[in-house]
Amino acid sequence: MDMAQTLVRSVARAFFTLPEDRRMILIVDALVLHSTLRDDDLSYLMNLNTKDLHRVCRRLEEERFLMIHYRSEVREGKEKPSPRTYYYIDYRQAIDAIKYRTFKLDKKVQGDAIPAQEKKEYFCTFCKSEWTMLEVLDNVGPHGFLCHRCGSLLNFDPDREAGGHEVSTRLNSQLKFIIDVLPKLDTAAIPEGDFETAHAAAIPVVRDAANQVAPSVVVESLAKPTAVKGMANTGPQSIAISITDTDGPTEAEKEAERARKEEAAQMNALPSWHTTSTVTGLSYAGNTNPAALPKADEDDAKKPDELATDAAHERQIQELFRSLEEANRRKELEDEEEEDEDDDAESEGADFVDISTNVSSMGEKRLASSGPTSAADTPGSEERPFKKVKVLQEPTNGGESEDDDDVQFEDV
């Protein structure tokens, strides 16, 4: 554990080198000493307001150098709980972050390294040009190599752009204190860095008389993460595992699984008025609802008076329809009789005579004799009924008929 604490403090001093990052080094040292600190205690030690402290600690959390824990506490003399912020170091996570940072840094140096043949070790102070060894070999002056662009004397600086092996070697020498400790930490036992363990080993902050704070008590129901705020039940407290030597589940397990599935199906089933018609008792799938039809039978058995009333009502309706049909027939007969009477009244003023229809070869109609003609003398009189035809009398006044009453009818 001491090696992990020493490594974290050393890495913080090695990487946080800017003046504004010195507060981060002090925060890491305070957490290594006190194990866990509340935000107001850490603000008192750092002489910072809470807002600035949260901003600095947020950056340390991004670098995986510390962890943040929130819980609700009730201060003495108050009833409403308030959220409090705690900071602590998870050494396992911090060590993994240091390993990853070292690996990425080494890969970056090896990727950005320039081969030794391409190193530009000669540069001109007048025109700011840079040249490699092969480029300046053909332009030599009395005091050294000259610039191809302006002819000035070139300066030689071998460390201006170091090669890949040189940069990697220099990096390994600078990170030697990290590389030597990491293999030892792999074999050492690092305790789990959760909040409960760190808070149990915390060292309280000693305040002066002018900066005392009221003690607070943690709210147990809100201290644990819950699915719904305010619920004390956070899930199963224990897990029971049964191991059997059979190839599959036992009969009891199968029965329990079947009962569980039936219960789940009943809970998820739609109500009957969603799947079955309450009028006909048929379901949407076309099946008859077995619960609806017996209910109808029971209703019929329990209420015979209603059935008798329905039958009497049907008989009354049938009698009503029959009376309507008879009234319609009588009305049709009356209409026919009225039509016949109208026809008889129209034919009362006409004279009827018996004629035999003979048409001359010229197509003129011959007038019938004034004497009576027997029906027996007419061919086919036994089979044909008598017909009445109108006979036009010849006009006496120059071929013009004065009135339609002169028309006579004869039997044919």
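Accessible area, as used here, is the surface computed by the Shrake-Rupley method with a 1.4 Å probe. With the whole protein displayed as a surface, about 30800 Å² is exposed in this predicted model, and carbon and sulfur atoms supply 52% of that area.

Switch next to a cartoon view, in which the secondary structure comes to 14 helices and ten strands. If you then colour by burial, the buried residues make up 21% of the 412 residues in the protein. Among contacts with a separation of 6 or more, 57% are between residues that lie 24 or more positions apart in the sequence.

Now select residues 122–123, which are strand β4, and add its neighbours to the view. Three strands form an open sheet here, in the order β5-β4-β6, with antiparallel pairing. The edge strands are β5, at residues 130–131, and β6, at residues 155–156, and each of them pairs on one side only. Between β4 and β5 the antiparallel pairing runs over two bridges, and if you pick out Y122 you will find that its bridge partner in β5 is W131.

For the last stop, move to strand β1, residues 36–38, and select R38, which is found in this strand. Is R38 buried or exposed? R38 counts as buried because its relative accessibility is 10%, and the cut-off for buried is under 20%. To see what surrounds this residue, show the side chains of E73, R84, T85, Y86, V213 and S216, which R38 touches when residues up to four places away in sequence are not counted.

Key. Residues numbered from 1 in each chain as written. Predicted model: local features only at pLDDT ≥ 70, side-chain atom pairs only at ≥ 80, totals over all residues. Heavy atoms only, no water. Helix = DSSP H or I, 4+ residues; strand = E, 2+ residues; numbered from the N terminus. Buried < 20%, exposed > 50% of the residue type's maximum accessible area, 1.4 Å probe, protein only. Contact = heavy atoms within 4.5 Å. Pairing = 2+ DSSP bridges.
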